[in-house]
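Reader: Before I rely on any of the labels attached to this protein, I would like to see each of them set against its definition.

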Amino acid sequence: MDDLPVVVIGAGPIGLAAAAQLVERGLEPLVLEAGPVAGSAVREWSHVRLFSTWGELVDPAAEKLLAPTGWVRPDGTTYPTGGDWAERYLQPLADVLGEKVRYGAQVTGVARAGRDRIVDAGRDEQPFTVHVRSADGREERVTARAVIDASGTWSTPSPVGADGLPALGEKAAADRVSYRVPDLNDPAVRARYVGRRTAVVGSGASAFTALALLADLAKEEEGTHAVWILRRGIGANTYGGGEADQLPARGALGLRAKAAVEAGHASAATGFRTQAVERDGGRLVLVAEDGGRLDPVDEVIVLTGFRPDLSFLSELRLGLDERLQAPTALAPLIDPNVHSCGTVYPHGVNELSHPEQGVYLVGMKSYGRAPTFLAMTGYEQVRSIAAAIAGDQEAAERVELTLPETGVCGGAGLFDEPENAEQSGGCCAAPATLQIGIGAPATTSGGC
Ligand SMILES: Cc1cc2nc3c(=O)[nH]c(=O)nc-3n(C[C@H](O)[C@H](O)[C@H](O)COP(=O)(O)OP(=O)(O)OC[C@H]3O[C@@H](n4cnc5c(N)ncnc54)[C@H](O)[C@@H]3O)c2cc1C
């Protein structure tokens with residue numbers, strides 16, 4: 001099996017870093033990317049400025065691979081947009097990897113060759129078979145010694161329904177409901193929100209960004225207004241860590257959202273758990289589970305987080321946490337029900353292994369529904385996994401990362417399950433505390 005490639009699913013930041021780490025270990029990666037270019041998902045939010053600096057967004061093994069091409073890392077103290085990240089780093093990295101990256105290659109299934117999920121006999125000796133559909137519809141099978149799934153969660157955003165399922169009427173209102181931070185530089189997108197009333201649902205970094213953008217628009221265009229829908233009330237930490245956040249740009253996002261509310265460009269509707277999206281002439285009315293109704297809006301932006309697509313892994317024996325859909329050993333480290341401060345320890349192969357040996361979920365997908373993933377966490381994940389596949393157990397178990405803190409430990413947080421949060425132990429002593437999520441659910445947890 002050792003002469004087979006390690007298949008990496010997805011040419012996003014973490015999939016490409018995995019490939020770079022494997023190359024550094026003398027292993028053969030094959031990256032299968034559904035989109036036509038590197039960072040296909042990142043390019044869909046190319047207008048969003050990251051809250052991490054360039055210094056936090058480049059994988060060390062990737063940088064080594066790029067160095068001989070004359071590539072120089074952009075100023076480590078500056079903040080790229082998603083578009084910058086893709087064009088100035090991800091695509092050059094994929095280009096160096098050359099034929100090790102295939103585009104228009106969508107993975108539709110992963111299994112043990114000749115063994116469905118229930119068969120034990122000889123299972124561990126079988127390689128993996130990866131089912132691939134090309135952009136032209138052609139189907140093929142790729143045989144692999146191991147599979148690293150870095151396919152992200154971008155294509156599976158959470159719905160507006162507070163019960164985790166689409167709200168009544170949500171799908172029928174698709175022409176007015178978006179699950180993206182709007183790109184207001186795009187005239188067609190801008191026209192949707194100019195002079196309009198827009199509901200923004202969610203309480204993470206993406207919701208903060210959308211509120212801040214709409215507030216800027218409201219300053220220029222009369223009649224533009226945002227209604228911020230929160231499942232919780234507004235508390236001390238609603239706006240994140242602010243100036244105490246060790247990632248200052250992340251802290252600033254919350255402060256911009258706060259300014260939007262204080263200036264009257266956005267009004268908050270708190271304790272609102274959406275059950276239905278109703279049509280009212282050309283407008284939409286959000287209806288809560290308790291029967292409460294909001295004044296009509298023209299548009300709804302849903303930024304309630306993401307969830308992993310596990311459908312193409314159904315023939316594998318994965319060990320996943322029932323709440324977060326993250327690897328079982330990782331879940332307690334990122335589950336705000338347990339660690340109400342969102343404490344995250346750097347982690348690697350031990351936390352990311354499954355009953356099915358040789359398959360790993362990494363990157364954004366590894367966090368399941370937890371909203372606090374950072375690229376640097378993913379780089380550490382794949383460094384450890386590549387070392388393990390290469391047989392270097394000592395390097396695989398070594399931790400080579402210190403994560404920054406949000407400065408929001410205590411009081412309200414991301415998830416509104418206060419009864420669980422009350423049971424949580426002292427979570428603040430850990431080396432890394434991350435709380436503000438990307439498109440986090442509009443919910444809260446208790447303090448620690
Ligand atoms: C708006 C936004 C802002 C963020 N800002 C920051 C930040 O400032 N700092 C930070 O550290 N993190 C940030 N993140 C979080 C995280 O770092 C990024 O989401 C990052 O892109 C995750 O990388 P990934 O490789 O895991 O997944 P992705 O970037 O989503 O890449 C997955 C790739 O897999 C491909 N793919 C999907 N399914 C398949 C399939 N079946 N077969 C083949 N290919 C497939 C996709 O096309 C995509 O190219 C942000 C996230 C978002 C959404």
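Author: What follows takes the labels in turn, from the whole chain down to single residues.

Author: This is a predicted model, in which local features need pLDDT of at least 70 and side-chain atom pairs count only at pLDDT 80 or more, while totals for chains, interfaces and linings use all residues. Residues are numbered from 1 along each chain as its sequence is written, and side-chain values use heavy atoms, with hydrogens and water left out.

Reader: How many helices and strands are there in the protein, and what counts as a helix or a strand?

Author: The protein has 13 helices and 15 strands, where helices (H or I, at least four residues) and strands (E, at least two) are DSSP runs numbered from the N terminus.

Reader: What makes T274 and A146 buried, and Q325 partly exposed?

Author: Buried means under 20% relative accessible area, exposed means over 50%, and partly exposed lies in between (1.4 Å probe, protein chains only). T274 has a relative accessibility of 2% and therefore counts as buried; A146, with a relative accessible area of 4%, is buried as well. Q325 is at 22%, so it counts as partly exposed. Of the 448 residues in the protein, 56% are buried.

Reader: Where do these three residues sit, and which residues do T274 and A146 touch?

Author: T274 belongs to strand β12 (residues 274-280), and, with contact meaning heavy atoms within 4.5 Å, T274 touches V160, G161, A162, A167, I229, L286, V287 and A288, not counting residues up to four places away in sequence. A146 lies in strand β7 (residues 146-149) and, leaving aside neighbours within four places in sequence, is in contact with P5, V6, V7, F128, G358 and I389. The C-alpha atoms of A146 and M1 are separated by 9.3 Å, although these residues are 145 apart along the chain. Q325 is placed in the loop between β14 (299-302) and α8 (331-334), and its phi is near 60°, a positive value in a residue other than glycine.

Reader: How do you know that the length of α7 agrees with what a helix should span?

Author: The expected span is 1.5 Å times one less than the number of residues. Helix α7 (residues 248-262) has 15 residues and should therefore span 21 Å, and its end C-alpha atoms are 21 Å apart, which agrees. The buried residues of α7 are R250, G251, L253, G254, A257 and A260, and what covers them includes α6 (205-220) and β11 (266-269). After α7 comes G264, with a positive phi near 85°.

Reader: Why is the crossing of α1 and α4 called left-handed, and what is the class of the residues in that contact?

Author: A crossing is left-handed if the near helix is turned anticlockwise from the far one by less than a right angle, and right-handed if clockwise. Axes are lines fitted to C-alpha atoms, for helices over the stretch in contact, with angles from 0 to 180 degrees between N-to-C directions. The axes of α1 and helix α4 (residues 82-97) come within 10 Å and cross at roughly 35°, and this crossing is left-handed. The contact is made by P13, L16, A19 and V23 of α1 and W85, L90, L93, A94 and L97 of α4. By class, it has nine nonpolar, no polar and no charged residues, where Ala, Val, Leu, Ile, Met, Phe, Trp, Tyr, Cys and Pro count as nonpolar, Asp, Glu, Lys and Arg as charged, and the others, Gly among them, as polar.
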